[in-house]
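Grab a pencil and work through these short exercises. Each one comes with a solution you can check step by step.

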Protein chains: 2
Amino acid sequence: MLPFFPRRFIPICAAGGGQYDARMEARFCTHCGGPLRLGVPEGDNRERHICDACRVVHYQNPKIVTGCIPAWEDQVLLCRRAIEPRRGLWTVPAGFMENGETTYAGAARETLEEANARVEIQGLYLTVNLPHIDQVYMLFRARLLDLDFSPGEESLEVALFRESDLPWGRLAFATVELVLRRYFEDRRAGRFPVRMADIVRDPDQPRGYRVVSFQDA
Amino acid sequence: MLPFFPRRFIPICAAGGGQYDARMEARFCTHCGGPLRLGVPEGDNRERHICDACRVVHYQNPKIVTGCIPAWEDQVLLCRRAIEPRRGLWTVPAGFMENGETTYAGAARETLEEANARVEIQGLYLTVNLPHIDQVYMLFRARLLDLDFSPGEESLEVALFRESDLPWGRLAFATVELVLRRYFEDRRAGRFPVRMADIVRDPDQPRGYRVVSFQDA
């Protein structure tokens, strides 16, 4: 029996820290090594990767990216990325949530790994749906506990920025721009409601995407 | 070369609607079919499944369970489960978020699938971390749009309950009890702050778990 031939194939990011891309076509069963086929399992309503040899269905689901905005007085801590994608651009500390942890513990861990910085996580702030890449960002407000920080392995540089100094044109991701604009607006208003937004791919927009606010208390 | 032999093996749920368990030991590479080994990839700090043949690292990450509390005046819509686990017990409509959708669209989809009910999703209400099973629940407040509902394939029964009629002793999951208790408390107080909690396994507790509130505005 020939192995299943993929209908689409999305190359994975081979660089250090590259996350296995769940959308990469699965061809072999992780359980028995048999070939997978695309089909709708009984009682289901969408196509999955099915192994006919051992009858395992391989589901693929969105991933959580967890991160925070580490604040020190009127400044926020940003990291300049040492890895692809968007190497050289600035971001808030964030990364894929790991098994066995909570969302906010993951946000604190990412901050320690990327900026060698310790934070107290204060609360959920912004959830962003990115349905075109199967990700959900969960971004927390955080308080930097001291000024002892330095670039982690995935960062070229780590620095504090006031709103007026922020490298707006050199931010790594749409989510980062969205959360920082909201954050400084809310800081001026003196309140931080929990919000939810979608970033939707839209080739008609100048930047190729648009922001849809679902919950905006 | 012998295939990698699993150190632990968690049987998957073979019944209809059973989700592939990400914690099930992966033995073969989905990409090339080669054997996987456990090891810490370069630049990483934890064990992953690695394919030495094609150099793909297979990451495993938590899954999002999205759902809602469909309200009609002072009543909420619950479903009695037709599937394992917890067949015969009551739950709010909820299930694994799918690729390509937003968290709240997933909550509305689950409500349609499990209760043939249409809802307007009103806002994020409670996020629950379950680190021992690598899940994050995202539960939304919702308004039932009409009284035309009926059991979907995964439900034995669907019904509206007032707080005083609720089948408290026959709820399917700790998250369901947690969200319903909070919901009726908040309803009395006339406000629904966005909250986050952890459900942590604890064999010393009568029910085997305890609830830790992280964000409780």
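Buried means under 20% relative accessible area, exposed means over 50%, and partly exposed is in between (1.4 Å probe, protein chains only). This is a predicted model, where local features need pLDDT of at least 70, side-chain atom pairs count only at pLDDT 80 or more, and totals for chains, interfaces and linings use all residues. Side-chain values use heavy atoms, leaving out hydrogens and water.

**Exercise 1.** Work out which exposure class A:Val40 belongs to.

*Solution.* Start with the location: A:Val40 sits in the loop between β1 (36-39) and β2 (48-51) of chain A. (Strands are DSSP runs of E, at least two residues; helices are runs of H or I, at least four; both are numbered from the N terminus.) Next, take its relative accessible area, 49%, so A:Val40 is partly exposed. Finally, list its contacts (heavy atoms within 4.5 Å): beyond four places in sequence, A:Val40 touches A:Asn45, A:Arg46, A:Glu47 and A:Ile50.

**Exercise 2.** Decide whether A:Thr102 is buried or exposed, and find what it contacts.

*Solution.* A:Thr102 lies in the loop between β7 (94-96) and α1 (103-115) of chain A. Its relative accessibility is 9%, so A:Thr102 is buried. Skipping neighbours within four places in sequence, its partners are A:Met97 plus B:Asn129, B:Pro131 and B:Asp198 from chain B.

**Exercise 3.** Check the span of α1(A).

*Solution.* The expected span is 1.5 Å times one less than the number of residues. With 13 residues, α1(A) should span 18 Å, and its end C-alpha atoms are 18 Å apart, so the two agree. Just after α1(A) comes A:Asn116, with a positive phi near 45°.

Notes
Residues are numbered from 1 along each chain as its sequence is written. Chains are lettered from A and ligands numbered from 1 in the order in which they are written.
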